[in-house]
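Colleague: Could you walk me through one part of this model in detail? I would like a close look at a sheet in chain A and what lies around it.

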Amino acid sequence: MLDFLFSGWGAFWVTMGMLLPFAGMFWYVIHRKSVVDSGPGTTPPAKLSRLEGYWLTAVFVIFVSINLASLKFMPIIATARAATGGLPVQEVQFTATSWSYEMSVREVEAGKPVRFAGRAKDTQHGFAVYHPDGRMLFTMLMMPGVSKPTTVVHTFTDPGKYKIRCLEYCGIAHHGMQDELIVTKNKAAI
Amino acid sequence: MTIATAIVQGTPIFGRMFTVDKSTGLEEINAWPAAMIMASFVWLAVAGLLGLVMPATQMFDLDSGHFYTTLTLHGAALAFPFSFQLMVGVGLHRSGGCVGKPITGWLPAMCFITMNLGAALLTVAVLMGFKVSLVVMFPLPLVGAQMGIWSMNSVILGFTGIYLVLACMILLYPLLGLSMLFFGKKRQDLVLSERSLNDPGMLGMTLSALTLLIAGLPLVVVGTTLLLALYGVIPMSMAAWAAEPVVFQYVFYIFAHNLMEAMALMVSSAMYATLPLYLADGTRKLFSDKLANTALWILLLTSITSFLHHFITAYPNQPASLSYWGNIMSWGTGIGAAISIFTVLATIWQHGLRAEPGIIAVLLGWALYILDGASAMVTSNVAWAYVLHGTMWQSGHTMTVILAMSLMWMGVLYHHYPVITGRKLDPVLGTWFVRLFTVGGFGAAIAMLAGGAAGMPRRFADWNQEGWMLYGNLIMIFGLILGASFVVYAYNLLQSRDLSDTLGQRVGAT
């Protein structure tokens, strides 16, 4: 459930979940008070103040809950879990240059954490990994001139060919800056 | 006749839309705003056409170079000389009428010149090959020149254009706004609707001007250094610190993020000022001024440092603590929005609403802004940033915030237009504009967010893979509807009738 919630489509439905009740409330109030009856409202101010309290409390609780639930998906948490999980961490080091990637390896094993560490050589570049079904799993932003490589730790669950795309505009052949990563079956499980 | 009035009168087609009314003695607060609003619509026409070219290049499989040219020009024209200049024009007209001070002298003239000359220079540079996107993507301009993709001359011209636009936004406009608010003598003959700083309709204007000035100053320093080096006034070695990508990117986003927030403060303030004028019972008061001001202060305080969400995916080069701070502050802006939602709806609930096209445009623009705010909060969450950053989601967010504010300002303009021109707009055409803009604006926003959710990259000239063309087609369709709404709005401006013309009421009476 949380895995879906913190995916791209999860983000879309959470946004729609915020928009649709607002849109309904917005339409109802404007329609009611401009078309049905535009006369002064009879709701006592005290009742409106109570409603204000309920509304702001609900918004606050929803905002805090969503953000607390997202903690698990922060990269620093994934890095810490990989470090303490007991499994060997696979390393993929790469350098992004207009308009290609130099990668230390292009094949990793499913089920074992992979630490991606990348740098940009000339201008800003991205490194987005797409599942074979088209979903984006994560993206990284690399800026030239920084002291540390940008890193993400990710554990692949499905073997297959994963597309890599640059998502930071880097010039006229930006859309051609793509590569592939092969994820093989977990050898321990075979 | 002032220079500004002459500029408007001398401009074909667009000048006819904004001919300044000289009969009321208000030319001193009407002329420069009219010139700026007129110029903003010229840029809207340019931006609109370019916006449609982008999906067209994908559908008809044209050269990707055209896509990146239009990408850079469309974004820059929409954000700065259209949206910002429209805000400056209508905002200054509001300020002038609220504080009773003329909008004359060198400051408004320089605002007009720097914004339009800067945008024109940037346009020429882009046509020369300088394809760096709306957000410059530093150090891409210099790298592109080194790689021979575009010439160094186009870089110098482009940077000069950007610098002039920034000078208008960061220095000249805020100084003009603040000098009108705090200095000079009030003239009773220019007071149209007197307001104090405690008034939410005024507070946002002040906060907005201060935000632009303070958040933009670091970028002015960096930009000045780079420009001096590009022109050979100082050696490149002295500008090396400013050319560091991290330095440039951080000062750029401190400004660019807060520019959007400053524009939001400004337009929220305009909404708080305009809504009471359309209440059915004639009370002319918000549900609570205190609550409205609280929303503006929360928006200001939370937004200042929320720009850090732009660099979440650069971890650990941006420490996790700063990313999470940017995350929390971004969601904090949602608390301000929640207060604002309650204030607006409670005001309408208590006093009823005269649903005229202007105020409906303002309210629907604000609703679009709420959708945009929700999408911005979601993408600012650390976890979601990793699956949305760099996708069409963020193009959708940027486009929606600009469209939402533009719709709100175009709605506010309905209220100011008769004062500026002495003419009135047709409410039936106004209603059609609102309908079309709402369908086009919400449709394009949702299509782009869906594209982002599906992983469709932004600023990417190859949509025909992974099924992304579906979202491209939807963006094109809703973009055409948006374009139609602008045509209706422009036609309404062109055929506006004199306030004393009773024929004008024939259509308006329906």
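Modeller: Happy to! Let's begin with a pair of strands: in this predicted model, strand E4 (residues 113-120) of chain A runs antiparallel to E7(A), and 6 bridges link the two. One of the residues to look for is Arg115(A), whose bridge partner in E7(A) is Val153(A). Against this sheet packs the helix H4(A), which touches both E4 and E7 of chain A, and its direction makes about 60° with that of E7(A).

Now step back to the whole sheet. It is open and has 4 strands, in the order E2-E1-E4-E7 (chain A), with mixed pairing. Strand E2 (100-103) and E7 of chain A are the edge strands, each pairing on one side only. From one strand to the next, the twist averages 25°. As a general reminder, strands of a sheet pair through backbone hydrogen bonds, in either a parallel or an antiparallel way.

The neighbouring chain comes in here too. The contact between the chains takes 66 residues from chain A and 71 residues from chain B. Several elements of chain A each supply at least two residues to the side that touches chain B, including helix H4 (75-84) and strand E7 (150-155), which you have just met, as well as helix H3 (45-70) and strand E5 (125-130). The most comes from H2(A), with 16 residues. Sorted by class, that side of chain A has 37 nonpolar, 22 polar and 7 charged residues.

Definitions and conventions
Residues are numbered from 1 along each chain as its sequence is written. Chains are lettered from A and ligands numbered from 1 in the order in which they are written. This is a predicted model: local features need pLDDT of at least 70, side-chain atom pairs count only at pLDDT 80 or more; totals for chains, interfaces and linings use all residues. Two residues are in contact if their C-beta atoms, placed from the backbone, lie within 7 Å. Ala, Val, Leu, Ile, Met, Phe, Trp, Tyr, Cys and Pro count as nonpolar, Asp, Glu, Lys and Arg as charged, and the others, Gly among them, as polar. Two strands pair if DSSP finds at least two bridges between them. Axes are lines fitted to C-alpha atoms, for helices over the stretch in contact, and angles run from 0 to 180 degrees between N-to-C directions.
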